[in-house]
Amino acid sequence: MTAAIIDGKAFAAGLRERVAQRVTRFAEQAGRAPGLAVVLVGDDPASAVYVRSKGKATKAAGMGGIEHRLPADVPQQALLDLVDALNADPAIDGILVQLPLPGHIDEQAVTTRIDPDKDVDGFHPVNAGRLAVGLPGFVPCTPLGCLMLLKDQLGDLSGLEAVVIGRSNIVGKPMAQLLIAESCTVTVAHSRTRDLPSVVQRADIVVAAVGRPQMVKAAWLKPGATVIDVGINRTPEGLVGDVDFAGALDVAGAVTPVPGGVGPMTIAVLLRNTLISAERRENIVGEGAL
Ligand SMILES: NC(=O)C1=CN([C@@H]2O[C@H](COP(=O)(O)OP(=O)(O)OC[C@H]3O[C@@H](n4cnc5c(N)ncnc54)[C@H](OP(=O)(O)O)[C@@H]3O)[C@@H](O)[C@H]2O)C=CC1
Ligand SMILES: Nc1nc(=O)c2c([nH]1)NC[C@@H]1CN(c3ccc(C(=O)N[C@@H](CCC(=O)O)C(=O)O)cc3)C=[N+]21
């Protein structure tokens, strides 16, 4: 079998286009563009790359992007003060503080300081709670992007066996919540899971969000499974995911590549969340599907 390659880059481009159209309508009605503030602490090169591509995509979608760069040794209080100022700024609809933060800063304290209604990352406990109980709120961009690709590929997901590998607050846990809401039978695996290969074997849907290059082997997969690779691993051979992509092509039904799979979706969903935040804050009913 040769698996379909899920083109996340193309899907993301379409989503960004739909967002841009609604941004135009928003700006006409509100008299301003949606505004996204991105805060980068320190000079981690990978983070700088993401922040730059977020900035480019924000402007291409017709939104206002404001970037705040703080030195790696910035006191936590100064970062909290900046978040307070952004919370109070009416021109800002979305706030993203790039993670990870330097070790002396408490990430929970920072994400909890962001106004939940500007929390376009969906990391605030209020938004995690809303997702868990099925209330509207912001859903983390990466898992929501994964779900969009899955639904585009498979249609109705109800009754499917889904295995999420990884239980982080930003990917694994919200991914599991979204799949539960789609009526999948969900298993969450992690570093203490016994016999991961046999857990993965039963999955119709595998989402790998671990951060270990090519750890998911083709032999673990159920033939025909849909495989979503969230991993971003920089190796001497280049950027690779958490899945043995070449091997998976022979067994899976469909698989996302790295790069060009989930990564571009994360940025497109960030723009979508920012637009929705702006529409909510201005009481504007968006027209046109996203
Ligand atoms: N494409 C994109 O847009 C994004 C990509 N990423 C990438 O996704 C990956 C995961 O990110 P994130 O969730 O933040 O990572 P974390 O490091 O926060 O979480 C990793 C998870 O993997 C689990 N794990 C570690 N080793 C194993 C193992 N041997 N077997 C099974 N599970 C294991 C951990 O288990 P335990 O809890 O027991 O420690 C943990 O739950 C990274 O490569 C990251 O770069 C992240 C965000 C966005
Ligand atoms: N507050 C916060 N929100 C985040 O959403 C967030 C974060 N912090 N910290 C880091 C992770 C990681 N992340 C990615 C975004 C885009 C790509 C992406 O576009 N990847 C391209 C490749 C780009 C490259 O070459 O590195 C691709 O997969 O095709 C990857 C990873 C967002 N994250």
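Me: Which domains both give residues to the shell around ligand 2?
Reply: This is a predicted model in which local features need pLDDT of at least 70 and side-chain atom pairs count only at pLDDT 80 or more, while totals for chains, interfaces and linings use all residues. Residues are numbered from 1 along each chain as its sequence is written, and chains are lettered from A and ligands numbered from 1 in the order in which they are written. The domain bounds come from an automatic or database domain assignment. Ligand 2 lies between the two domains because both give residues to its shell: domain 1 (30–115) and domain 2 (141–263).

Me: What separates the centres of domain 1 and domain 2?
Reply: The assignment gives residues 30–115 to domain 1 and 141–263 to domain 2. With the centres taken over C-alpha atoms, the separation is 28 Å.

Me: Which element gives the most to the shell around ligand 2?
Reply: 18 residues surround this ligand, the closest being Gln-98, Leu-99, Pro-259, Gly-263 and Thr-266 (near means a C-beta atom, placed from the backbone, within 6 Å). H2, E4 and helix H10 (262–281) each supply at least two residues; such helices (H or I, at least four residues) and strands (E, at least two) are DSSP runs, numbered from the N terminus. With 4 residues, the top contributor is H10.

Me: How many residues of the shell around ligand 2 are charged?
Reply: Ala, Val, Leu, Ile, Met, Phe, Trp, Tyr, Cys and Pro count as nonpolar, Asp, Glu, Lys and Arg as charged, and the others, Gly among them, as polar. On that basis the shell has 12 nonpolar and 5 polar residues, and the charged count is 1.

Me: And around ligand 1, how many residues of the shell are charged?
Reply: 25 residues surround ligand 1, and the closest are Gly-166, Ser-168, Ser-191, Gly-211 and Thr-266. H10 gives the most here, with 3 residues. By class, the shell holds 10 nonpolar and 12 polar residues, and the charged count is 3.

Me: Which strands stand at the edges of the open sheet of 3 strands?
Reply: The order is E3-E2-E4, with parallel pairing (two strands pair if DSSP finds at least two bridges between them). The twist averages 15° from one strand to the next. Each edge strand has a single partner, so one side of each is left without a neighbour in the sheet; these strands are E3 (64–70) and E4 (94–97).

Me: Which residue in E4 is the bridge partner of Val-38?
Reply: Strand E2 (residues 35–41) and E4 run parallel and are joined by 4 bridges. Opposite Val-38, the partner in E4 is Leu-96.

Me: At about what angle to E2 does helix H2 run?
Reply: Helix H2 (residues 45–60) lies across E2 and E3. Axes are lines fitted to C-alpha atoms, for helices over the stretch in contact, and angles run from 0 to 180 degrees between N-to-C directions. Relative to E2, H2 runs at about 170°.

Me: Which residues does Met-148 touch, beyond those up to four places away in sequence?
Reply: Met-148 lies in helix H6 (residues 141–154) and is buried, with 20 other C-beta atoms within 10 Å (20 or more means buried, 12 or fewer exposed, in between partly exposed, with C-beta atoms placed from the backbone). Met-148 and Phe-11 are 137 residues apart in sequence, yet 9.0 Å apart in space, C-alpha to C-alpha. Contact requires C-beta atoms, placed from the backbone, to lie within 7 Å, and the residues touched are Phe-11 and Met-265.

Me: How many residues of helix H7 are buried?
Reply: Helix H7 spans residues 172–181 and is mostly covered. The cover over its buried residues includes helix H5 (125–133), H6, strand E5 (161–165), strand E6 (185–189) and strand E7 (205–208). Of its 10 residues, the number buried is 8.

Me: Is Gln-214 buried or exposed?
Reply: Gln-214 is found in the loop between E7 and strand E8 (226–229), and has a positive phi of about 55° although it is not a glycine. With 22 C-beta neighbours inside 10 Å, Gln-214 counts as buried.

Me: Which residue does a cis peptide bond join to Val-258?
Reply: Most peptide bonds are trans. The residue in question is found in the loop between strand E11 (254–255) and H10. With omega near 0°, the bond from Val-258 is cis and leads to Pro-259.

How values were computed: Two residues are in contact if their C-beta atoms, placed from the backbone, lie within 7 Å.
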